[in-house]
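Dear colleague,

Please find below the structure that I am handing over to you. The findings follow after it, arranged by topic.

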Amino acid sequence: MAAWYPCNLGGEWGDWMLRRESWWVRGLVGLAITVGLLLVGSYLLNPFGAQGWDPRERVLGHALYRVPSAAMAPALTPGQVVIARAGPYRRRVPARGDLVVFVSPVDGNRWLQRVVGLPGEQVAIVDGSLQVDGREVVEDYVAPGNLTQSYSVWMEGRRVPLGHVLLLGDNRDNSHDGRLFGFVAVDRLVARVVGVD
């Protein structure tokens, strides 16, 4: 046991130091193994319901995403980082106005847009105003300057099927969204934005 130290302390003092160090080392090794097993177990059990294999989502329940385009301007700008909670719709339904990360039906990548239409609702855009079941919805997050194109000021009414939502970008003139690719199944919603840098 004396080989642990550069010099032999000997006697009771040396034995006490060796016992003390042995306890400390064993404690650290035990802690490292426990934490490792907890992390691996959390990843495998996926308690947050993450849809991908990203360890940030499966173990921590959150992930960082960088906004790639101006589709969500002015609320979010390109390059901005958002914090998203994985698997938020396992136990609750989406709410209108939620910013969500979803698997795009266009290319299979993860996109970021806003929930504007819920299951069973009739959604239209009339004169640039979002109408849900015939009533105007106030959208403070849509800048008036982002409503100049014809497809931004008019969308024929559509009924959102059960188990689906309608997603739109805040920058209606510059967003490839539900007006073009249709409705998105709720189980394709990967995460809900809970924080912005």
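**The sheet and its strands**

Strand β4 (residues 110-117) and β9 run antiparallel and are joined by 3 bridges. Within this pairing, Val115 has Leu167 of β9 as its bridge partner. Please keep in mind that this is a predicted model.

On its pairing with β10 (residues 184-185), strand β9 has 2 bridges, and these two strands also run antiparallel. Here Val165 is found opposite Val184 of β10. Strand β9 itself covers residues 164-168 and is mostly covered, as 4 of its 5 residues are buried.

These pairings belong to a wider arrangement. An open sheet is formed by 7 strands with antiparallel pairing, and their order is β1-β2-β11-β3-β4-β9-β10. Which strands stand at the edges of this sheet? They are β1 and β10, each of which pairs on one side only.

**The strands β5, β6 and β7**

Strand β5 (122-126) comes after β4, and the loop between the two contains Gly120. Gly120 counts as partly exposed because its relative accessibility is 32%. Although 44 residues separate Gly120 from His164 in sequence, their C-alpha atoms are 8.7 Å apart in space.

Strands β5 and β6 run antiparallel and are joined by 4 bridges. One of the residues involved is Val126, whose bridge partner in β6 is Ser129. The two strands form a hairpin with 2 residues between them, and Asp127 in this hairpin takes a positive phi near 50°.

Strand β6 (residues 129-132) is then joined to β7 (residues 135-137) by 3 bridges, and this pair is antiparallel as well. Gln131 stands opposite Glu136 of β7. Again there is a hairpin with 2 residues between the strands, and Asp133 in its turn has a positive phi of about 50°.

How do the side chains of β6 point? In a regular strand, side chains alternate between the two faces of the sheet. In β6, Ser129 and Gln131 point one way, while Leu130 and Val132 point the other way. Are these residues of β6 buried or exposed? All of them are buried.

**The largest pocket**

The largest pocket has a volume of about 270 Å³. It is lined by 16 residues, and those closest to its centre are Pro68, Ser69, Arg110, Trp111 and Leu112. Strands β1 (62-66) and β4 each supply at least two residues of this lining. Which strand gives the most to the lining of the largest pocket? It is β4, with 4 residues. Strand β4 thus appears both in the lining of the pocket and in the open sheet, where it stands between β3 and β9.

**Salt bridges**

Side chains of opposite charge can pair when their charged atoms come close. The count for this model comes to 7 salt bridges, and three examples are described here.

- Arg56 forms a salt bridge with Asp54, and their closest N and O atoms are 2.5 Å apart. Arg56 counts as partly exposed because its relative accessibility is 36%.
- Asp98 forms a salt bridge with Arg92, and the closest N and O atoms of this pair are 3.7 Å apart. Asp98 has a relative accessible area of 12% and is therefore buried. Arg92 has a relative accessible area of 35%, so Arg92 is partly exposed.
- Arg179 forms a salt bridge with Asp177, with 2.8 Å between the closest N and O atoms. Both Arg179 and Asp177 are buried.

**A nonpolar patch on the surface**

Which residues form a nonpolar patch on the surface? They are Trp23, Trp24, Leu28, Leu31, Val35 and Leu39, and together they have about 670 Å² of accessible area. Leu28 lies in helix α1, which covers residues 11-45. Why does Leu28 count as partly exposed? Its relative accessibility is 43%, and the term partly exposed applies to values between 20% and 50%.

**Where to begin**

When you open the model, you may wish to start with the open sheet and its order of strands, β1-β2-β11-β3-β4-β9-β10. From there, β4 leads to the lining of the largest pocket, and the loop that holds Gly120 lies between β4 and β5. The hairpin of β5 and β6 and that of β6 and β7 can then be viewed in turn.

With kind regards

Conventions: Residues numbered from 1 in each chain as written. Predicted model: local features only at pLDDT ≥ 70, side-chain atom pairs only at ≥ 80, totals over all residues. Heavy atoms only, no water. Patch = residues over 30% accessible without salt bridge, like charges linked within 9 Å, V, L, I, M, F, W, Y side chains within 5 Å. Areas by Shrake-Rupley, 256 points an atom, 1.4 Å probe, with all protein chains shown as cover. Salt bridge = Lys/Arg side-chain N within 4 Å of Asp/Glu carboxyl O. Buried < 20%, exposed > 50% of the residue type's maximum accessible area, 1.4 Å probe, protein only. Pairing = 2+ DSSP bridges. 1 Å grid on protein atoms, 1.4 Å probe; cavity = no way out; pocket = protein on both sides within 12 Å on 5 of 7 lines; lining within 4 Å. Points joined across faces, edges and corners; volume = space filled by probe spheres on them.
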